[in-house]
Amino acid sequence: MDDGLSLKDRVEQRLPNWQSWYPSLFDAAVDLGLLRAQVCSPSKLLLSNRHARVQSQAEQAHREKWGGTE
């Protein structure tokens, strides 16, 4: 359901006075079903794994653009 609207706009469409009912935009979005938790493997949560993936992608992009192994 990505129609180009921000999360705040989507909440305000469904519940115009959300600020009077909820302490945060996040809480309103969760209750309205706009945000949902997703189950993922613990390895995806480790920063070291995410950083290694970003590093690997950067190295690959460098090789594609400039050639070489370093």
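The legends below describe several views of one predicted model, beginning with the whole chain and moving on to single helices and residues.

**View 1. The whole chain, built from four helices and zero strands.** Read along the sequence, the helices follow one another in the pattern α-α-α-α. The C-alpha trace of this predicted chain spans about 60 × 30 × 20 Å along its principal axes. The radius of gyration of the chain is 20 Å, whereas a compact globule of 70 residues would have a value near 11 Å. Among the contacts in the chain with a separation of 6 or more, 12% are between residues 24 or more positions apart.

**View 2. The surface of the chain, with about 6000 Å² exposed.** Carbon and sulfur atoms supply 54% of this exposed area. Of the 70 residues in the chain, 9% are buried.

**View 3. A nonpolar surface patch made by Phe26, Val30 and Leu35.** The patch formed by these three side chains covers about 250 Å². One of its members, Phe26, lies in helix α2, which runs over residues 25-31. Is Phe26 buried or exposed? Phe26 counts as exposed because its relative accessible area is 53%, and the word is used for values over 50%.

**View 4. Helix α3 and its residue Lys44.** Helix α3 covers residues 42-45, and Lys44 is found within it. With a relative accessible area of 51%, Lys44 is exposed, since that term applies over 50%. A second residue to look for in this view is Ala29, which is 15 residues away from Lys44 in sequence and 24 Å away in space, taken from C-alpha to C-alpha.

**View 5. Helix α4, which holds residues 47-66.** How far apart should the ends of helix α4 be, at 1.5 Å a residue? The 20 residues of helix α4 should span 28 Å, because the expected span is 1.5 Å times one less than the number of residues. The C-alpha atoms at the two ends of helix α4 are 28 Å apart, which agrees with that expectation. After helix α4 comes Gly67, and the phi angle of Gly67 is positive, near 75 degrees.

**View 6. Ala61, a residue placed in helix α4.** The relative accessible area of Ala61 is 42%, so Ala61 is described as partly exposed, a term for values between the 20% limit for buried and the 50% limit for exposed. Ala61 can be viewed together with Asn49, which is 12 residues away along the chain, and the C-alpha atoms of these two residues are separated by 18 Å.

Conventions
Residues are numbered from 1 along each chain as its sequence is written. This is a predicted model: local features need pLDDT of at least 70, side-chain atom pairs count only at pLDDT 80 or more; totals for chains, interfaces and linings use all residues. Side-chain values use heavy atoms; hydrogens and water are left out. Patches are made of residues with over 30% relative accessible area and no salt bridge: like charges are joined within 9 Å, nonpolar side chains (Val, Leu, Ile, Met, Phe, Trp, Tyr) within 5 Å. Accessible areas come from the Shrake-Rupley method with a 1.4 Å probe; for residues, only the protein chains shown count as cover. A salt bridge is a side-chain nitrogen of Lys or Arg within 4 Å of a carboxyl oxygen of Asp or Glu. Buried means under 20% relative accessible area, exposed over 50%, partly exposed in between (1.4 Å probe, protein chains only). The radius of gyration is taken over C-alpha atoms; the globule rule is 2.2 Å times the number of residues to the power 0.38. Contact means heavy atoms within 4.5 Å.
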